[in-house]
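I open this notebook to record what I looked up, entry by entry, beginning with the backbone and going on to rings and cores.

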Amino acid sequence: MFYNEKILLAKSGEEPIYLLPKMANRHGLIAGATGTGKTVTLKVLAESFSKAGVPVFLADVKGDLAGCCNPGADSENMRERIARFGLADLGFDYQSFPVTFWDIYGRNGLPLRTTISEMGPTMLARLLDLTPVQEDILNIVFRIADDEKLLLLDIKDLRAMLSYVVDHAADYSQTYGNMSKASLNVILRGIVALENIGGDRFFGEPALNIRDWIRQDSSGKGMINILDSQSLINEPKLYSTFLLWMLSELFEMLPEVGDLDRPRLVFFFDEAHLLFQDVPKALLQKIEQVVKLIRSKGVGIYFITQNPKDIPDGVLAQLGNKIQHALHAYTPAEKKGLKAAAESFRENPEFVTIDVLQELGIGEALVSMLQEDGSPAIVQRASILPPQSQFGPIDEQTRIQQNNANILSLQYSESIDRDSAYEFLVRKNLQEAEEAEEAKRLAEEAKEEAKRKAAEEKEAERQRIAEEKAAEREKAAAEREAERERIAAEKAAEKERIAAEKAAEKERIAAEKAAEREKEAAERRRKNAVGSVAKTAAGTIGREVGKTVGGSVGGKFGKTLGGNLGASLGRGILGGLFRK
């Protein structure tokens, strides 16, 4: 309970044990075996913070924290505890606290959502149980979405983005590096598995605005934000990843405020061991960083787990306020853990811590809170105060009334499906399909056109060949006809030539014969003329010779003989001359 500006948590005998509000953001640990009272301690702290005006977030794993919205019920056991702690003199009363119920599945509270982008690739990789290589590829997918200004809001956006990258992996690999389709398909299968466990409800809009947790009611009480985790705890990786994401969001969203008189928000992480199971080294370093630095942003973190050894040393060292319920050790490993838990406290000389740790009853704890100077107080064996609100679950009707009356129900009840990567890629895929169909149609048309042109060309070629053949036949026929005509002409010409030659021959022969006849006639005439001349000349010559000879020889005989001889001689000489 909140008393005198301090949180009265427990009593060690008559000595009250307080948690100082200004030390509350130094974080804390509530540990103990099952059934030792951790849930009551958490409830008392949550109520006290709320009464101090500090908003609280806690996960209700078993459903018995929902009673914070109702006043506690009086009973003989409660009266005995009130009397034992002397709470009546401190103003203890039963009261309700302002509560907002949240539920990832949207059944037992306002739907609690975030977007894929806000969750980021690192958290998603853990949620999907990816290898480092697959996580790198998921980072590339987010980078591609950012570069192309695609909103990743819900599961279908991420699935559509992954499918698109699978189809275009070769194109993107040139810019972003190689992305094997096998790894991309592994991530896709992880997305399907995440949907099967309700991830499709968790991712979407309206996304949680963590500032809506940092509220007070009209009386000044801090809001107790209760995440119903009765179903969620069955998916431990989703549960722990979601709570880790909220821590990261708080760290990134809230400004630095330094040391405040009281925290701006206290965050209870129940079943904290789930956060650190199989966590990669890089993520563990991030958790340690958040735990170290979120204090300066006015946020206190309280881990609830069974054994302090569930918390890594780097985180455990940051937890200043410790409430350790009973631990039991039966194995060597458990005894080692028990010893480590005992040694983490500042020793009280009045008892042996490790022995008391095993003797604690239900509702008892070893408690060490930070003092004014920031140093841990000596460990005390103490009894935890009872809660002021109803302990245990509430009925369905009360839960419905609380949800309907909450002012945030108008903001978060109805989901919103904005135009994001899925819608864009559906349109793009449709456009690409239409373009592909158009390209196919154009290709088919081009193919048909090519076929048509080929057929036309073939037909034209056939016609050309036919025409060439016809022209060749016509040419051949014309040539044959011309040859026949040539031959006929040659024959006719030959006939004419022969006939002409024959006629010319006949004419020649006739001419020759005529010439011969003429020659013969001329010869006869010549001969006749020559003979006549010769005869005359010869006679003359003979007579002259005869006269000469006769004169010499004398007589008439000589005159006759000389005449005849002269005549013959004259004919011979003239005949020879004419022949020449």
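Where is the place of Asn4? I keep in mind that the model is predicted, and I find Asn4 in the loop between β1 (2-3) and β2 (6-12).

**Backbone entry.** I looked up phi for Asn4 and read a value near 55 degrees, which is positive in a residue other than glycine. Asn4 has a relative accessible area of 57%, so I enter it as exposed, the cut-off being over 50%. Lys149 also has a positive phi, of about 55 degrees, although it is not a glycine, and I located it in the loop between α4 (132-147) and α5 (155-167). With a relative accessibility of 73%, Lys149 counts as exposed. I noted these angles because most residues other than glycine have a negative phi, and I looked at omega because most peptide bonds are trans. A cis peptide bond, with omega about 5 degrees, joins Glu205 and Pro206, and Pro206 is found in the loop between α8 (199-202) and β8 (224-228).

**Ring entry.** I then turned to the aromatic pairs, of which the structure holds 17. For Trp102 and Tyr412 I read ring centres 5.2 Å apart and planes at 75 degrees, so I enter the pair as edge-to-face. This pair links distant parts of the chain, since Trp102 belongs to strand β6 (residues 99-103) and Tyr412 to helix α15 (residues 409-412), 310 residues apart. Both Trp102 and Tyr412 are buried. Elsewhere in my list, ring pairs join Phe57, Trp213, Tyr239, Phe267, Phe269, Phe276 and Phe303 into a cluster.

I also checked for charges over rings, and found Lys6 over the face of Tyr18, at 4.1 Å from the ring centre, and the charged end of Lys221 over the ring of Phe97, 4.7 Å from its centre.

**Core entry.** Which residues have the most contacts inside the largest nonpolar core? They are Trp213 and Phe303, in a core of 86 residues, to which helix α9 (residues 236-253) gives the most, with 10 residues. I followed Phe303 further and, leaving aside its neighbours within four places in sequence, listed its contacts, among them Gly28, Leu29, Ile30, Phe269, Phe276, Val291 and Leu319. Apart from the largest core lies another, of 37 residues, which includes Ala52, Cys69, Ile224 and Ala365.

Definitions and conventions
Residues are numbered from 1 along each chain as its sequence is written. This is a predicted model: local features need pLDDT of at least 70, side-chain atom pairs count only at pLDDT 80 or more; totals for chains, interfaces and linings use all residues. Side-chain values use heavy atoms; hydrogens and water are left out. Rings of Phe, Tyr and Trp (its six-membered ring) pair if their centres lie within 6.5 Å; planes under 30 degrees apart count as stacked, over 60 as edge-to-face and the rest as tilted. Helices (H or I, at least four residues) and strands (E, at least two) are DSSP runs, numbered from the N terminus. Buried means under 20% relative accessible area, exposed over 50%, partly exposed in between (1.4 Å probe, protein chains only). A charge sits over a ring if NZ of Lys or CZ of Arg is within 6 Å of the ring centre and within 35 degrees of the ring normal. A nonpolar core is a set of buried Ala, Val, Leu, Ile, Met, Phe, Trp, Tyr and Cys residues joined through side-chain atoms within 4.5 Å. Contact means heavy atoms within 4.5 Å.
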